[in-house]
Amino acid sequence: MNLNETSAQTAAPVTQKGVYISTYGCQMNVNDTERMYSLLEMANFTPVTSPDQAEVIIINSCSVREKPVHKVYSEVGTFRRLKEKNPNIRIGVGGCVGSQEKDKLIKDAPLIDFVFGTDNIDQLPEIVGRAYDQSKVVQTQFQHRAPYHVETMVRNPGVATFVNITKGCDNFCTFCVVPYTRGREKSRPFSHILDDVNKLTQRGVREVTLLGQNVNSYKSDCGVDFADLIERLAVETDLQRIRYTTSHPKDFNQKLVDVMYRNQPKVCEYIHLPFQAGNSRVLEMMNRGYTREQYLEKIAMIKKAIPNVVLSTDIIVGFPTETEDEFKETISMVEAVGFETIYAFKYSPRPFTKAARFEGQIAEDVKDDRLARLFAAHDALAMPLAESYVGRVLDVLVEGKDEKRGNMHGRTSQNKNVYFTGDKSLIGQMVPMRITKANPAVFRGELI
Ligand code: 5AD
Ligand code: SF4
């Protein structure tokens with residue numbers, strides 16, 4: 001087996017081959033998949049919607065929470081029949097599992113022809129070309145010294161799209177694999193982001209969500225910080241709405257709140273601010289860099305400036321050594337802040353991370369029980385919060401039509417999905433709408 005880690009220059013095949021990418025994980029991964037399709041399209045591949053039509057099949061994987069390696073192997077297994085029928089098929093694994101497992105993937109699953117990491121996407125056409133020229137290819141090294149230059153590549157950006165502003169993470173929360181799968185934190189130059197957004201608005205984009213593992217620590221080469229970036233995009237571009245994710249409480253500051261306040265309604269009244277755990281001892285073990293009290297102070301600062309703000313969060317239950325009383329502080333945090341949406345997970349040990357080696361791992365049934373109780377506590381407050389929107393008039397940016405259900409849909413500044421009866425000509429427009437029905441997941445509205 002030739003596990004080649006060098007970057008020989010090999011041209012991609014000139015014939016039109018179908019490429020299918022199966023994507024797991026977060027928005028960052030969805031964005032990476034778009035980039036892969038766009039790059040391969042430029043290299044003469046044709047994106048297809050099913051592996052049956054493809055000659056190149058890629059799994060873009062995620063390893064943040066689950067045991068993803070098994071998932072990858074079982075999906076690869078489903079392609080065996082296709083490869084037996086057509087030996088020209090090449091199967092690749094990219095994303096976090098590629099960065100994490102490297103050549104082990106090919107050793108354990110010889111059906112895989114190429115493996116690449118989160119930092120090797122721009123070399124994908126060349127990697128695929130090499131997978132046709134030689135037996136196996138593994139390219140997972142981080143481009144530590146290369147500047148972070150990634151123009152957004154989306155095939156059909158629509159009304160709302162995502163723009164990467166930072167990559168990687170230097171925070172090393174003790175539970176998190178991201179610093180190992182996405183590498184050191186880097187920020188894109190401000191002028192590149194500005195050009196990117198201007199090109200997107202010329203293509204009809206009205207809203208962008210700025211993406212990064214910790215957007216608040218964005219720092220451009222010319223001294224523009226995250227708050228400056230938001231303000232300059234609000235003032236200097238034709239965007240109608242700006243969102244961002246994910247924020248880190250330790251870096252979320254008054255300057256950003258002031259910029260959000262000054263630039264409403266362009267900067268949306270919605271903040272995703274993961275707190276992870278409600279108890280300060282657990283937060284310290286997690287290496288989060290803030291206490292419960294400091295988190296609550298940030299929330300008070302935000303609510304004071306933006307009273308209608310909608311907050312969501314990420315939470316981990318059953319972190320090693322978490323006691324029942326400490327878990328109860330997580331529930332009380334959800335209630336104290338009044339999060340409209342929570343994303344809650346059972347702690348799962350991840351490779352390379354400190355917490356995976358901590359004493360006091362919590363039994364699975366205890367984690368199950370805590371997660372169920374957390375969701376029940378949240379359900380009790382989320383329903384009345386949703387119902388409080390009925391009768392209110394909100395501006396909805398219309399995104400498209402759900403052809404299956406025949407409904408038009410769009411989103412409010414607070415990130416609420418609203419379905420309504422209307423005409424396709426409204427796509428891209430901001431329209432006032434009265435909310436007629438609401439549950440925590442979805443709203444129904446009528447045009448006024
Ligand atoms: N176990 C459980 N949840 C995790 N997350 C990250 N790592 C783990 C882990 N090892 C969650 C955190 C993070 C979100 C993206 O995933 O809540 O904010
Ligand atoms: Fe992971 Fe912490 Fe970085 Fe978020 S801030 S990506 S949880 S290490």
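**Figure 1. Where is Pro265 found?** Pro265 lies in the loop between α10 and β13, the latter covering residues 270-272. (Helices are DSSP runs of H or I with at least four residues, strands runs of E with at least two, numbered from the N terminus.) The model is predicted, with pLDDT of at least 70 for local features and 80 or more for side-chain atom pairs, while totals for chains, interfaces and linings use all residues. Residues count from 1 along each chain as written, chains are lettered from A and ligands numbered from 1 in written order, and side-chain values use heavy atoms, without hydrogens or water. The view centres on the bond that joins Gln264 to Pro265. This peptide bond is cis. Its omega is about 5°.

**Figure 2. A second close-up shows the cis peptide bond from Thr245 to Thr246.** Omega is near 5° here. Thr246 belongs to the loop that links β12 with α10. Strand β12 spans 241-245, and helix α10 spans 254-262.

**Figure 3. Lys102 has a positive phi although the residue is not glycine.** The phi value is near 50°. Lys102 sits in a loop. On one side of that loop is α4 (96-101), and on the other is α5 (104-108).

**Figure 4. Residues around ligand 1.** Val64, Arg65 and Phe175 are among the surrounding residues (at least one heavy atom within 4 Å). Gln276, Asp314 and Ile316 also belong to this shell. So do Phe345, Lys346, Tyr347, Ser348 and Arg350. Polar contacts, here pairs of N or O atoms within 3.5 Å, are shown for three residues. Gln276 places a polar side-chain atom 2.7 Å from an oxygen atom of ligand 1. Asp314 does so too, with a polar side-chain atom 2.7 Å from an oxygen atom of the ligand. Ser348 contributes a polar backbone atom, which lies 2.7 Å from a nitrogen atom of ligand 1.

**Figure 5. Residues around ligand 2.** The shell includes Cys169, Asn171, Phe172 and Cys173. Phe175, Cys176, Val178 and Pro179 surround ligand 2 as well. Gln213, His248 and Arg288 are also part of the shell. Phe175 is thus listed around ligand 2, and Phe175 is listed around ligand 1 too.

**Figure 6. Five strands close into a barrel in the order β16-β17-β18-β20-β19.** The pairing is mixed (two strands pair if DSSP finds at least two bridges between them). Strand β16 covers residues 393-402, and β17 covers residues 407-412. These two run antiparallel, joined by six bridges. Asp402 stands opposite Asn407 of β17. Strand β16 also pairs with β19 (residues 430-438). That pairing is antiparallel and has five bridges. Val396 has Val431 in β19 as its bridge partner.

**Figure 7. Strands β19 and β20 form a hairpin within the view of the barrel.** Four residues lie between the two strands. Strand β20 covers residues 443-447. Five bridges link it to β19 in the antiparallel sense. Arg434 faces Glu446 in β20.

**Figure 8. An open sheet has three strands in the order β8-β11-β12.** Its pairing is parallel. The edge strands are β8 (160-164) and β12. Each has a single partner strand, so one side of each is left without a neighbour in the sheet. Strand β11 covers residues 207-211. Five bridges join it to β8, and the two run parallel. Leu210 in β11 is the bridge partner of Val163.

Terms used:
Polar contact = N/O pair within 3.5 Å; in protein donor to acceptor, adjacent residues only side chain to side chain.
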